[in-house]
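User: I am new to this structure. Please take a close look at its interior, after a short outline of the whole, and explain the terms as you go.

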Amino acid sequence: MASRKVALAAMAVVIAVAALLPATASAASYTVGDDSGWDIGIDYRAWASGKKFRVGDTLEFLYSLGEAEHNVVLVDAQSFAACTVPSNAPTLTTGDDTVSLTQAGQWFFICGIEGHCQDGMKLAVNVH
C-alpha cells in the first residue's frame with residue numbers, strides 16, 4: 001500500500017512539472033511548391049511567404065526524374081543571387097529529396113540545371 005502511495009505521489013509530481021514546462025511545437029513537414037512540387041513556373045517566394053519555418057522542420061522537394069530534369073542544390077546567399085552552383089555544393093537528385101532544417105538562419109536552394117534557377121527555381125527560407 002505504501003509503495004502505491006509513493007508511486008501515485010511521484011506520478012503527480014511528474015504531471016505537475018510537465019504542466020509547468022512550455023509547450024513545444026512539433027516539427028512540420030512542407031512539400032515545396034505544394035501540389036506543383038519543385039518545377040519551373042512556380043513562385044517560390046510567394047509559396048514560402050507566411051510560413052514560419054522552425055529548426056526541426058523538413059522540406060520535401062518532389063520533381064520529375066529523367067535526362068537532366070531537375071535537382072536541388074543547397075547554396076549560400078551569393079550563389080543564390082547569381083544562380084551559380086559552387087563546386088562543393090550539396091546536390092540532391094532523387095526526385096523525392098527531404099532536407100531537415102537543422103539550424104536557424106537563412107537557407108538557400110536552387111535547381112542547378114542550366115537556366116532553371118534563372119527561370120525561378122530557387123527558394124530562400126528563414127528558419128527560426
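Analyst: Helices (H or I, at least four residues) and strands (E, at least two) are DSSP runs, numbered from the N terminus. The chain has three helices and seven strands, and their order from the N terminus on is α-β-α-β-β-α-β-β-β-β. This is a predicted model, in which local features need pLDDT of at least 70 and side-chain atom pairs pLDDT 80 or more, while totals for chains, interfaces and linings use all residues. Residues are numbered from 1 along each chain as its sequence is written, and side-chain values use heavy atoms, without hydrogens and water.

The chain has 128 residues, and 30% of them count as buried (under 20% relative accessible area; exposed is over 50%, partly exposed in between, with a 1.4 Å probe and protein chains only). About 8000 Å² of the chain is exposed, and 56% of that comes from carbon and sulfur atoms (Shrake-Rupley method, 1.4 Å probe; for residues, only the protein chains shown count as cover). Among contacts in the chain (heavy atoms within 4.5 Å) with a separation of 6 or more, 67% are between residues 24 or more positions apart.

The interior can be followed through its nonpolar cores (buried Ala, Val, Leu, Ile, Met, Phe, Trp, Tyr and Cys residues joined through side-chain atoms within 4.5 Å). The largest core has 21 residues, and those that touch the most other members are Trp 38, Phe 53, Leu 59, Phe 61, Phe 109, Leu 123 and Val 125. At least two residues of this core come from each of H2, S2, S6 and S7. Phe 53 shows how such a residue is surrounded: neighbours within four places in sequence aside, its contacts are Tyr 30, Trp 47, Ala 48, Leu 59, Leu 101, Val 125, Asn 126, Val 127 and His 128. A second core, separate from the largest, has eight residues, among them Val 73, Cys 83, Phe 108 and Ile 110.

Next come the aromatic rings. The structure holds eight aromatic pairs (ring centres of Phe, Tyr and Trp, the last by its six-membered ring, within 6.5 Å; planes under 30 degrees apart are stacked, over 60 edge-to-face, the rest tilted). In one of these pairs, Trp 38 and Phe 61, the planes stand at 85° with the centres 5.1 Å apart, so the pair is edge-to-face. Trp 38 is in the loop between S1 and H2 and Phe 61 in strand S2, 23 residues apart, and the pair thus links distant parts of the chain. Trp 38 and Phe 61 are both buried. Trp 107 and Phe 109 have ring centres 6.3 Å apart and planes at 20°, so this pair is stacked. These two residues, Trp 107 and Phe 109, are also both buried. Together with Tyr 44, the residues Trp 38, Phe 61, Trp 107 and Phe 109 form a cluster linked by ring pairs.

Cys 83, a member of the second core, also takes part in a disulfide (two cysteine sulfur atoms within 2.5 Å). The structure holds one disulfide, which joins Cys 83 to Cys 117 with an S to S distance of 2.1 Å. The torsion about its S-S bond is about -65°, so the disulfide is left-handed. Cys 83 sits in the loop between H3 and S4, and Cys 117 in the loop between strand S6 (105-110) and strand S7 (122-127), so the bond ties together parts 34 residues apart in sequence. Both cysteines of the pair, Cys 83 and Cys 117, are buried, and Cys 83 has a relative accessibility of 15%. Most residues other than glycine have a negative phi. Cys 83, though not a glycine, has a positive phi of about 55°.

Cys 111 is not bonded in this way, because the closest cysteine sulfur, in Cys 117, is 8.2 Å from its own, too far for a bond. Cys 111 is buried as well, at a relative accessible area of 1%.

Thr 58, in strand S2 (residues 58-62), is another buried residue, at 18% relative accessibility. Residues up to four places away in sequence aside, Thr 58 touches Ala 28, Ser 29, Tyr 30, Thr 98, Val 99 and Ser 100.

For contrast with the interior, Thr 93 counts as exposed, at 51% relative accessibility. Thr 93 is in the loop between S4 and strand S5 (96-100).
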